[in-house]
Amino acid sequence: MKSVKNGRDGRTRIIEGALRRFSQDGVSATTLASLREESGVSVGSFYHHFASKEHVFGVLYAEILNAYQEAFLAELVGHEDARAGIEAVVAFHMRWAGEHPDKARILVSERPPRKQEPGGAEVAEARRAFFRRVADWWRPHMKNGLLQPVHATMCYVLWLGPAQEMCRLWFAGAHTPTEEEIQGLGAAAWQSLRQQ
């Protein structure tokens, strides 16, 4: 049911409000009352769409992760060259974080929902599908002696760990990355992941 006030349905308003609250205050500090107040929905409307604050978080996290992963993969598969792909994804990651700071704060700062929690099964499946597609791009470069054979977790840490830390500093207001620094992060990722 759409609100006459602004033309958006209650679910959309709750998700948008949750994005603002969770990114500013964190999930644990956000109350159900503050979620309802931020979205301007009644108690009945909230419970019509979501069972709990954790349910909202699970749905929101899954939506953000899906959008990020699709954009990541679009960037990655646009590069046939191994080094270009590695470096382009680092630049993409930083650009995406700058364009979507509230969403990026949630991905950087919050623990993903566990499999048994609301949204957790969807997040787990999305991650499996995502890593399969990354592996499909990676495998030929590994066979050609350009990229290391590396487990998905270690790959993520070496590829985007420093960029994630730069995002944390950026979001905390401690440092705004320069283009030169972003290029340096990409070059460092390549040095970490290439076969020596």
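**Salt bridges and helix packing**

Glu-165 is partly exposed, with a relative accessible area of 41%. This value, like those that follow, was computed from a predicted model. The partner of Glu-165 is Arg-168, and the two side chains meet in a salt bridge with an N-to-O distance of 3.6 Å. Arg-168 is likewise partly exposed, at a relative accessible area of 38%. Both residues belong to helix 8, where a spacing of 3 residues places Glu-165 and Arg-168 about one turn of the helix apart. An α-helix has 3.6 residues a turn, so residues three or four places apart point the same way.

The mean pLDDT of the protein is 93, and 96% of the residues reach 70 or more. Residues 1–5, in contrast, have pLDDT below 50, and this stretch makes 7 contacts in the model beyond near neighbours in sequence. Where pLDDT is low, the predicted coordinates should not be read in detail.

In total, 13 salt bridges were counted. One of them joins the side chains of Arg-21 and Asp-25, at an N-to-O distance of 2.9 Å. Arg-21 lies in helix 1, which spans residues 10–25. Asp-25 lies in helix 1 as well, 4 residues from Arg-21, a spacing of about one turn of the helix. The two partners fall in separate accessibility classes: Arg-21 has a relative accessibility of 13% and therefore counts as buried, the limit being 20%, whereas Asp-25, at 39%, counts as partly exposed. Arg-21 and Asp-25 are further linked with Arg-20 and Glu-38 in a network of salt bridges. Not counting residues up to four places away in sequence, Arg-21 touches Gly-26, Thr-30, Ser-34, Leu-35 and Glu-38. Glu-38 thus appears both among the contacts of Arg-21 and as a member of the salt-bridge network.

Helix 6 comprises residues 101–109, and its buried residues are Ala-104, Ile-106, Leu-107 and Val-108. The cover over these buried residues includes helix 1, helix 4 (53–77), helix 5 (82–99) and helix 8 (152–171). Helix 1 and helix 8, which hold the salt bridges described above, are thus among the elements that cover the buried residues of helix 6.

A salt bridge is also present within helix 6, between Arg-105 and Asp-102, with the closest N and O atoms 3.2 Å apart. Arg-105 and Asp-102 are 3 residues apart in helix 6 and are therefore separated by about one helical turn. Arg-105 counts as partly exposed at 23% relative accessibility, and Asp-102 is also partly exposed, with a relative accessible area of 24%. Both values lie above the 20% limit under which a residue is classed as buried.

Phe-131 is located in helix 7, which runs over residues 120–143. With a relative accessibility of 34%, Phe-131 counts as partly exposed. Phe-131 and Gly-161 are 30 residues apart along the chain, and a distance of 16 Å separates their C-alpha atoms.

Definitions and conventions:
Residues numbered from 1 in each chain as written. Predicted model: local features only at pLDDT ≥ 70, side-chain atom pairs only at ≥ 80, totals over all residues. Heavy atoms only, no water. Helix = DSSP H or I, 4+ residues; strand = E, 2+ residues; numbered from the N terminus. Contact = heavy atoms within 4.5 Å. Buried < 20%, exposed > 50% of the residue type's maximum accessible area, 1.4 Å probe, protein only. Salt bridge = Lys/Arg side-chain N within 4 Å of Asp/Glu carboxyl O. pLDDT = per-residue confidence, 0-100.
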